[in-house]
Amino acid sequence: MAGRINDDDVKAVRDAVPIDAVVSEYLQLRNAGGGNLKGLCPFHDEKSPSFHVSPAKGLYHCFGCQEGGDTVDFIMKIDHLSFAETIERLASQAGITLRYEEGGYTPGRQQGERTRLVEAHKIAAQFYAEQLDGAEAEIARAFLAERGFDQSAAQHFGLGYSPAGWDHLTRFLRGRGFSDQELVLSGLSQEGRRGPIDRFRGRLMWPIRDIAGEVVGFGARKLREDDNGPKYLNTPETPLYRKSHVLYGIDLAKKEIAKTSRAVVVEGYTDVMACHLSGITTAIATCGTSFGEGHIKILRRLLMDHSGSEVVFTFDGDAAGQKAALRAFEDDQKFAAETSIAITPGGMDPCDLRLAKGDAAVADLVESRTPLFEFALRHVASRHNLDTTVGRAAALDEAAPIVARIKNSSIQHESAVQLAGMLGILDTQFVVRRVSQLARWARERGRDGGPDQARPQQRRGQAAPPEQARPAAPRGPALNLRSPARRVERELLKLALQRPDLVSPAFDAYGADEFTAPPYAVVRQCIEDAGGATAGAADPSYVPRVREAAPDDTVRAMVTELAVEPLLTRRDPDEAYAGVQLATVRIAAVDARIADLEGAARRSEAQGDHAGSAAMLQELWVLQQYGKTLRERGAAAL
């Protein structure tokens, strides 16, 4: 039975790893005001960022899909890890040694499967890198030198060499405590006639890292003529490695992609190296597969989908390169970013170009890019006889929908005019109207529930208010809780969680009956059970305690949501703002009590209970005076 991680160590891990640092490994975060950050949710597709992170509270919440929690919840969800695996990974990042209870810690027995596979890949990468300096790896070093890569380049990208023997790595990893089952599952070894043998033998090795920088697989280049395998051999599909969800170089490029809002997609490992060494540090490549939807999702989270973002594809000018470019254009609408293409001259890839003409030529290649839709239009035009009326009409039928798909309306109009000239159609306005009509039909299909047609204003990285970002049928307790009558109650609870110093000690004197929505009353009780807002004013563990006090996951999710949701003030909240919320909630409660007493007093009087009626009228008078004072003096009357 696996040992249980010590509770104090779990708490130390939670406290040691800032949530914004962890989340930033997977998506770009921008200032959302009030000390919070926002980005495109990694758990569902969206056009405007509704994923909010509160570094101060250590929590995240998406107002679109309702996913939320702390750092541990985020890693468990996004990387499909168990609780133990997540704590182990975060502890490794923070340099914390974990203690295991119920029999102590036995490496390889108590670590989670994914953690074990990641560790095996990390050790394998170090092993391969060390082999690159050996005599046998001279052929690998010569291969790199011929392509303009020196020792420092190999070290920067973590390149290595797999020895030509049958089981060098397998025996090495066995010695480090890994089982044969783990080695085969990882893809580092494969079954042989007498047991596991190395999958990669006698090859130049590129470690493939995920966006968080962990080695999840390898790309291996054939070096010898007697190697009967493919030119490039990649790690097979494993629990760690899915080729449709990894991009080579993303760990090195992600910060620059987020900073510059540009990604450059090339075709191979050496092309990524050439681009980075030439100053194009936003270059990434797929790993043995075509660029697809999984890769798009990775880039969209980094590019944030604002109007200035761009994805540049580089392809050879040959037939295969043109085919790849057209395939990329089919995915154009899945990006909010503009897509461009840079065709390498003379059939050279970026690696060959750098070798032949230097670093500046690679930089110039990217700068010489043209919009991908223009490339697609030229391709359409080349397939028709534009000297005939029939040919021009056929070309227009095929090309007009391409122009109609252009996101920017002003570019769309100019391109329609350009298309008329390209096809030799004299009636330019006819082409413009045709394109405009197709674009309008596409938008209407999108509004009617057809394929998503993102509107230009949704591409500017501006988050819609949480009410607008929420789907038509949201999950969880927030349903129907945003009416104007309950908005102030919600705001007061947000203050009690986010800024308890502004509402305490007054908030702690409020009863659950002062919150008219039952879920809000439950949250109010959770705050009381966690020691109250007064105790939380200077306690960093306050919000986690409130979450732990929640009776179920639904209420816990609401606590997270309220702790992260931006306050309804454009300025930093102060005592005056908090006082308004406190007074307004109390006034509503007093008014509700007055209405109840008025009805009860009338009923008592009608039933002849004059004494009871008089007592109620006395209480009613006191409440009316209190309500009047609250309206006049606000929070000062509390």
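I'll walk through one sheet and one helix pair in this structure.

Keep in mind that this is a predicted model.

The sheet comes up on the screen now. It is open and has five strands. Reading across, the order is β2-β3-β4-β5-β6. The pairing is antiparallel. Which strands sit at the edges? They are β2, residues 30–33, and β6, residues 68–70. Each of those two pairs on one side only. Neighbouring strands of the sheet are turned against each other by 25 degrees on average, ignoring direction. As a reminder, strands of a sheet pair through backbone hydrogen bonds, either parallel or antiparallel.

Let's take the β2 edge. Its partner here is β3, residues 36–39. How many bridges join β2 to β3? Three, and the two strands run antiparallel. To find your place, look for Asn 31: it stands opposite Leu 37 in β3.

Now the helices. We have α1, residues 7–16, and α4, residues 83–94. Their axes come within 9 Å. They cross at roughly 60 degrees. The two helices, α1 and α4, are therefore oblique to each other. Is the crossing left-handed or right-handed? For α1 and α4 it is left-handed.

Which residues make the contact? From α1, we have Val 10, Val 13, Arg 14 and Ala 16. From α4, we have Phe 83, Ile 87, Leu 90, Ala 91 and Ala 94. Sort the α1–α4 contact by class, and you get eight nonpolar residues, no polar ones and one charged. The charged one is Arg 14 of α1.

Note on methods
Residues numbered from 1 in each chain as written. Predicted model: local features only at pLDDT ≥ 70, side-chain atom pairs only at ≥ 80, totals over all residues. Heavy atoms only, no water. Pairing = 2+ DSSP bridges. Helix = DSSP H or I, 4+ residues; strand = E, 2+ residues; numbered from the N terminus. Axes fitted to C-alpha atoms, helices over the stretch in contact; angles between N-to-C directions. Parallel < 35°, antiparallel > 145°, perpendicular 65-115°, else oblique. Left-handed = near helix turned anticlockwise from the far one by under 90°. Contact = heavy atoms within 4.5 Å.
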